Amino acid sequence: MQTLNLALKTEAKSSLPVCALQFGEGNFLRGFLDWMIFKANAQGLFNGRVLALQCTPRGKVVPKLKAQDCLYTTILHGFKDGKEIEEREVINTIADALNPYEDWEKVLAAGVSSDLKFVFSNTTEAGITFVHEQPFNTDVCPESFPGKLTAILYERYKAFKEQGALAGSGLWIVPCELLDDNGSKLKDIVLQQIEDQHLDEDFKQYVLNECRFINTLVDRVVSGYPKDNAAAYQEKLGYQDELMTCGECFHFFAIEGGEDVAEALPFAKAGLNVVVADDITPYRLRKVRILNGTHTANVPAAFLYGLDTVDQMMSDEITGKFARSVIFDEIIPAVNLDKDMLISFANDVVDRFSDPSMHHQLASILMNSTSKVKARILPTILDARAKGVLPKKLCFALAAYIALYKNASGVPVQVQRAGGKSGEFVDDAYAVEVLTKAWSLYQKTEASALFTVKAVLSDVKLWGCDLSSDVDLTSLVARLTHAVISDGVAATMKDLLEHN
């Protein structure tokens, strides 16, 4: 069977100019933003493509993209009028893909193109952090995403300054990472990079005055490659596609800005579920706490329990009931937004997670678990604590997260699961080091579990504060961590459900 680029020959390809650099070539951006750009291009509204950049040295997608002329198929599922629907499209948004660690000079050259207008990114929450970089040069790719972005902007600044054309040459940076005020935070780190690199004051003013950093919120479950039924899909499609990207039909994109932003990013005009508003805080809060928070709170335990996908987690008698209780009994009461709005959104989330066609892999959700716990779970726990509530099931979520690292010895983290299963996921190296050292204190007793949990929760670098100062919280997490190890996740969840 031919690959899709050969099977479809030229009809699926595009000649639109590259107007954006895209940090991230993974499932989410391909199934969300690149799909949106494809939809807008089809109506003559966006009129541009992206250059996809690999985020880490370990990436494996760039060669696959190049082998398929950067074409791939999105396969979206959902329900409409009570019936299951499936939408299949060949996406041609990506013009080319590069590994910056091998082709840094090509990336810098692309960064000074006069066609370039935007930078998009999805590097996970861990990607928007400050890292001290070696002095910028054109031969060595910086380690971090903000470091790469700063270096690209600096080359662009120098090139357009030499041409006497700085005005209007700045880029619009549109991050899609799930962080509050993601654009503002990225901007602050870029400015920190400028100071750390001792770059020109004029360049700093260029970033401040010519470039725009836009806050966003993204929402779509993209489960990725359908490995369990790839052959059946390829039979339907009539071609081979190593990058088939499955997801849900539901999508939502909130972008902070005014009419100029809506005009530059005309996704709403293309009929997509996109909101451009001066303040996207309410949309962000409900999504991160309920949808993403439910993922992060429940997936570690479900993975340890031996389940593989989100729909399995929701249909299981124990984990499904537990996940629903986490949402309605602990997350919603803690969030300070209109409860009817939260409940309506939560009901949609339950339906979306329960869709058996999605097969969203738990292992992919575990990627960068520590930063996700910090961004998605801890704020809800702290809000509950401020109301005098100790949320037991969210404390269990912390315990299950800590239990993932019991036998960790490096990256990727190796996990022993129920039923003799094993698994692995990737997390920040420092987080793995902290958790691994903490488990060396455990001596198979509840008392020693307290030492382990204290070592984790007290790490200010991980959490931004000393969580172990909350004695009741620390004590409960320690008790539940020991229970997970000694009794198992299923028995511990059952006990919490029975004594709600």
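**Exercise 1. Determine whether Val61 counts as buried or exposed, and describe its surroundings.**

Solution. Step 1: Val61 has a relative accessibility of 18% and therefore counts as buried; buried means under 20% relative accessible area, exposed over 50% and partly exposed in between, with a 1.4 Å probe and protein chains only. The model is a predicted one, in which local features need pLDDT of at least 70, side-chain atom pairs count only at pLDDT 80 or more, and totals for chains, interfaces and linings use all residues. Residues are numbered from 1 along each chain as its sequence is written, and side-chain values use heavy atoms, leaving out hydrogens and water.

Step 2: Val61 belongs to helix α4 (residues 61–67). Helices (H or I, at least four residues) and strands (E, at least two) are DSSP runs, numbered from the N terminus.

Step 3: When residues up to four places away in sequence are not counted, Val61 touches Glu25, Arg30 and Leu243; contact means heavy atoms within 4.5 Å. Asp34 stands 27 residues from Val61 along the chain, and their C-alpha atoms are separated by 15 Å.

**Exercise 2. Identify the residues of the largest nonpolar core that touch the most other members.**

Solution. Step 1: A nonpolar core is a set of buried Ala, Val, Leu, Ile, Met, Phe, Trp, Tyr and Cys residues joined through side-chain atoms within 4.5 Å. The largest one holds 76 residues, and those touching the most other members are Ile290, Phe396, Ile402, Leu404, Tyr405, Trp463 and Val477.

Step 2: Helix α17 (residues 392–403) supplies the largest share of this core, ten residues.

Step 3: Leaving aside neighbours within four places in sequence, Ile402 is in contact with Leu435, Trp439, Val453, Val456, Val477 and Thr481.

Step 4: A second, separate core has 48 residues, including Leu33, Val222, Phe253 and Val288.

**Exercise 3. Classify the crossing of helices α21 and α22.**

Solution. Step 1: The axes of α21 (residues 471–487) and α22 (residues 489–498) come within 7 Å and cross at roughly 130°. Axes are lines fitted to C-alpha atoms, for helices over the stretch in contact, and angles run from 0 to 180 degrees between N-to-C directions.

Step 2: Angles under 35 degrees count as roughly parallel, over 145 as roughly antiparallel, 65 to 115 as roughly perpendicular and the rest as oblique. The two helices, α21 and α22, are therefore oblique to each other.

Step 3: On α21 the contact is made by Leu480, Ala483, Val484 and Asp487, and on α22 by Val489, Ala491, Thr492 and Leu496.

**Exercise 4. State the strand order of the six-stranded open sheet and locate its edges.**

Solution. Step 1: The order is β5-β2-β1-β6-β7-β8, with parallel pairing. Two strands pair if DSSP finds at least two bridges between them.

Step 2: β5 (94–98) and β8 (212–213) stand at the edges with a single partner strand each, so one side of each has no neighbour in the sheet.

Step 3: β1 (residues 18–23) and β6 (residues 118–121) pair in the parallel sense over four bridges, and Gln22 stands opposite Phe120 in β6.

Step 4: Helix α6 (residues 145–162) packs on the sheet, touching β1, β6, β7 (172–175) and β8, and its direction makes about 150° with that of β1.

**Exercise 5. Describe how the side chains alternate along strand β14.**

Solution. Step 1: In β14 (residues 413–416), Val413 and Val415 point to one face and are buried, while Gln414 and Gln416 point to the other and are not.

Step 2: β14 pairs with β15 (residues 422–425) in the antiparallel sense over four bridges, and Gln414 stands opposite Glu424 in β15.
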